[in-house]
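Work through the three exercises below with the structure open. Each solution goes step by step.

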Amino acid sequence: IIQQGDALLDLGRTAEAEARYRVVVDQLRGTPDALQPAPQSDPAPVFEVIEPWRAWTGLARALQIEGRLDEALELAREVETQRPDVLQTPLLVGDLLRAQGDFDGAQQAYARAVAVAPRSPVPVARQAATYLLSGDLTGAQERFEAALNLDPTNADALLGLAQAYAQAGGGTSAVEFRKAESRLKEAIDFAPDNLTPYQALGDLYLAYDRPDDAVAEYEKARQLASTDLLTLGRLGTALLAAGKAEEAIAVFEQRVTQAPEDKGALLDLAAAYREVGEYESAETAYNQLLVLSPDDLGIKISLGDLYVEQDQAERALPLYEEAATRASDPDQLAQARDQLGKAALRLGDASRAESLAASLIETRPELTRGYLLLAAVREAQGDQDGALAVYSDGITKTDDPLPLQLRAGDLLLRLGRAPEAQALLDEAVRNNPRAPEAYIGLALSHI
């Protein structure tokens, strides 16, 4: 039964997997020593012994995928209490705490995993990834390097190290770039038949806006594993960045042919079609996705965006309305309300757009979405001073004021108030020295 659950989880059939795991968990929960290791037999069994704790970890993984993190964490803690000697149990607790944003708790769990398996690179790489998520790039680099000292071919550590160096350099630092490039080339020399270092080096080149070099590395990875979905996805993305849209589409189509039910593959293909204006093909891809996941609100929002790109806001409206009504994730809800407001404004319903903008600002004042939408409403109403007031208010309250500064600077320039635009955009450049759009805005203000 546990193996059936594992197979179903691998196929993405989460609800069915959950049901299988629950059969075992419900039957064994409360049974003394149910999760303890089976006694050694002589002779050893021919087939793998599936220990009962795997039902607990499998069920927790299924619940995690469904977004039921509290239930999953309760199960994970339960199984770690009974089997602290199994590496997977503290790893699972750490993963779930990290998903909840509890980075300190996650690091403590991963430290317990390191104590269980001190020669394994897996918990060390998880520690590094957690440092990366929390913004501690130095800690991330040190732990990724430690994981590679244990296993120079570890995929998570190689890919994570490339990402850590790319973030540390902001896509511009030559010093950080050379460090990462040198480290990844060492990994290639050590294991030239391992595709992961080529993928990681491609990621690094892409982060530093060298898409042609990225394509070359991903092509090397494809030569080692021509059907690897991860490699094909990265190659397609790099080809798009290199301006080779038709080649990118061919790669994404190959990926979909190999994995017709892979949502990520279909999403990438739809995005590539949109890039070249093949809207009918993009719509077909989104409809394929909705056959696979009819209740996926993210897909419906993307389909609505496609309609808006074709100036068909009336077709997008019901999709956004459904998402704005049903979304439980706060970020997706904010996205749906924002897109709904934009569509309403396109259709001439400024009152509805204003109401949605006000709701966004009230519930999520840290996001730029609501301020941008409300300012757009004010401009549509011919109230430029009102729009500037909205931008000014948002700049002081949002986590990322740069989009508001750029829009306000553009409006000031259109109003002939260049000195004010220069002052605003100069501040944007000081606060965002690695944002090219800030420099472009400042340059325009001086023309």
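**Exercise 1.** In this predicted model, sort the lining of the largest pocket by class.

Solution.
- Start with the lining: Glu261, Asp262, Lys263, Gly264, Leu292 and Ser293.
- Asp, Glu and Lys count as charged. The lining has 3 charged residues.
- Gly counts as polar. The lining has 2 polar residues.
- Leu counts as nonpolar. The lining has 1 nonpolar residue.
- Add the volume: the largest pocket holds about 200 Å³ of space.

**Exercise 2.** Place Asp209 and Asp311 in the chain, and decide for each: buried or exposed?

Solution.
- Take Asp209. Its phi is positive, about 60 degrees, although Asp209 is not a glycine.
- Asp209 sits in the loop between helix 11 (195-207) and helix 12 (211-224).
- Exposed means over 50% relative accessible area. Asp209 has 64% relative accessibility, so it counts as exposed.
- Take Asp311. Its phi is also positive, about 60 degrees, and Asp311 is not a glycine.
- Asp311 sits in the loop between helix 17 (297-309) and helix 18 (313-326).
- Asp311 has a relative accessible area of 60%, so it is exposed.

**Exercise 3.** How many aromatic pairs are there, and why is the pair of Phe177 and Tyr205 classed as it is?

Solution.
- The count is 2 aromatic pairs.
- The ring centres of Phe177 and Tyr205 are 5.9 Å apart and the planes stand at 45 degrees, so this pair is tilted.
- Phe177 belongs to helix 10 (residues 174-190) and Tyr205 to helix 11, so the pair ties together parts 28 residues apart in sequence.
- Both Phe177 and Tyr205 are buried.
- Phe177, Tyr205 and Tyr208 make up one aromatic cluster.

Notes. Residues numbered from 1 in each chain as written. Predicted model: local features only at pLDDT ≥ 70, side-chain atom pairs only at ≥ 80, totals over all residues. Heavy atoms only, no water. 1 Å grid on protein atoms, 1.4 Å probe; cavity = no way out; pocket = protein on both sides within 12 Å on 5 of 7 lines; lining within 4 Å. Points joined across faces, edges and corners; volume = space filled by probe spheres on them. Helix = DSSP H or I, 4+ residues; strand = E, 2+ residues; numbered from the N terminus. Buried < 20%, exposed > 50% of the residue type's maximum accessible area, 1.4 Å probe, protein only. Phe/Tyr/Trp six-rings, centres within 6.5 Å; stacked < 30°, edge-to-face > 60°.
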